[in-house]
Amino acid sequence: MPTLYTAAVDFGATSGRVILGAWFKNRLTLKEVHRFPNTFRTLAGHDYWDVGTLWHEAQTGLRKAVAALPHGAKIASVGVDVWGVDFALVNDAGRLVFPIHAYRDARTQPGLKRLAHTRAALERIYAATGIPNVFYNSSLQLEETVASCPAITDLATRCLFLPDYFNFLLSGRMENEFTIASTSQLIDVHSTDWSRAALKHFRLPPQWFTKPILSGTHLGPVKNFPELAGTQVIAVPGHDTAAAYDAMPANPDGTDLFLSSGTWSLVGFESDRPVLGADAHAARISNERIGDGRYRPLTNVIGLWLLEGTLKDFASRPADDQAWAALITAAEKLPAPAALLDVTDPAFTNPKSMKAAIDAQLKRRKLPAPKTLAAYTRLICDSLGRGHADAMRAFEKMAGKKFRRILIVGGGSKNRLLCQATANAAGIPVVSFALEGTAVGNIASQLIALRAVKDLSTFRRLLGATLAKKIYAPR
Ligand code: LFR
């Protein structure tokens, strides 16, 4: 079989990339053809994504992918994955009828508190959807949209989550893909369809949503993009975390804990059944879904957002890989901090200054603030490591299992300090893969849909055999 080329468009909340995948003789080679920064913008106190720029960057990247092909070769398919929960409200013609808000916008705070204070409703929603009450949930965002702009129920006819919206721009088809839908707090935890109870609770028009399609569905050829004539659009796991989990070359016996480490740290595992009940609810376990319908019980730890935010407050922040390595080395040489941050502090969600938010927590606890960027870096990585280990122990207790390794992919997998801190706190080895997890999971789904690979476990086995990895033993 000749080389099969596919393209992954992978949008993260702080950066995006387009990756060209070449599959030849059961081996995947990646070429990052385009990378771009992403940020939300604040207008009159609300936060919005610049979705026109994102689409422009995706098109630029896809053109670069075509230009990187050997002479005569074609891209068989393209897939898009995006961070969770955010959405576009469109009319039948696909026109945007409401601005696309960013999930860190504070507009959901009143709804978050209302639900938190109504115990019966809180428990009912968790039992129905398996998703805890978190400020970014699409449910709260949509509830606020309908309440603050009632005319929207006439103007909008469809709710497309961001990967669905980009799939629509590429293919002209409007569908709701299952993994991204499962981040909304609106999917029935016992089926693969919408939860009528949740839609009713948040007063959302059920006609905005159609029965979710499972990942791997062919959406048809790319439209209005001559360079990609003949390329298929495939609905991959639209949620970046679902894609990253798919890429993990996990042991099929279920003893690996997964950590997708980027702006957020997503700590979880794969399961045939959801983890529900009062303890799971108290531990804020989120039963997000795998592209084939199964479950990914996980906890969302604040992640490298803490470090990204803190860096903004330092003129001396690293500008290139070498400076990053120097910062990590300096942080490693420091003694372990006497006390760690409480990483669950809601003050870290979207502060004006992350450094000031960290200092304020330490002051409240009568602890000294770090003095240098290296000392903040050390404190943040060690605190995240403990956050990861706490999540692991909660899963072990609730799911009645013991994890033997933690597999880490994403930006944080390159951060030695974070990997070591996680291994130390968890007491088991951390295996770091040199792997763009989200893009690889995106491509895996395309290869399976194109019938070049039999299924996900086959893909993981083939991938695992070729991957470079680094093991951090606990100290
Ligand atoms: C990671 C991620 C998380 C989700 C958060 C908000 O990029 O998708 O899984 O909880 O972003 O959407």
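I took helices (H or I, at least four residues) and strands (E, at least two) as DSSP runs, numbered from the N terminus. On that basis I recorded 17 helices and 17 strands for the chain.

I note that the model is predicted: local features need pLDDT of at least 70, side-chain atom pairs count only at pLDDT 80 or more, and totals for chains, interfaces and linings use all residues. Residues are numbered from 1 along each chain as its sequence is written.

**Overall form**

I looked up the radius of gyration, taken over C-alpha atoms, with the globule rule of 2.2 Å times the number of residues to the power 0.38. The chain has 21 Å, which agrees with the value near 23 Å for a compact globule of 475 residues. Along the principal axes, the C-alpha atoms fill a box of roughly 60 × 55 × 45 Å. I called a residue buried if 20 or more other C-beta atoms, placed from the backbone, lie within 10 Å of its own; 50% of the 475 residues count as buried.

**Domains**

I found the chain divided into domain 1 (4–239) and domain 2 (248–434), with bounds that come from an automatic or database domain assignment. Their centres, taken over C-alpha atoms, are separated by 24 Å. I then listed contacts, meaning C-beta atoms, placed from the backbone, within 7 Å: 22 residues of domain 1 meet 17 residues of domain 2. On the domain 1 side, helix H3 (119–129) and helix H7 (178–181) each supply at least two residues, and H3 gives the largest share, 3 residues. I sorted that side by class and obtained 11 nonpolar, 9 polar and 2 charged residues. Here Ala, Val, Leu, Ile, Met, Phe, Trp, Tyr, Cys and Pro count as nonpolar, Asp, Glu, Lys and Arg as charged, and the others, Gly among them, as polar.

**Core**

I defined a nonpolar core as a set of buried Ala, Val, Leu, Ile, Met, Phe, Trp, Tyr and Cys residues joined through C-beta atoms within 7 Å. In the largest one, of 136 residues, Ala7, Val9, Val78, Phe166 and Leu407 touch the most other members. Helix H14 (residues 373–399) contributes the most, 11 residues. Both domains give residues to this core, so it lies between them. Leaving out residues up to four places away in sequence, I found that Val78 touches Ala7, Val9, Leu62, Leu170, Val222, Leu228, Thr231 and Val233.

**Ligand**

I counted 15 residues around the ligand, each with its C-beta atom, placed from the backbone, within 6 Å of it. The closest are Trp83, Gly84, Val85, Thr241 and Trp264. The shell has 7 nonpolar, 7 polar and 1 charged residues, and each domain supplies at least three residues.

Terms used
A residue is buried if 20 or more other C-beta atoms lie within 10 Å of its own, exposed if 12 or fewer, and partly exposed in between; C-beta atoms are placed from the backbone. Two residues are in contact if their C-beta atoms, placed from the backbone, lie within 7 Å.
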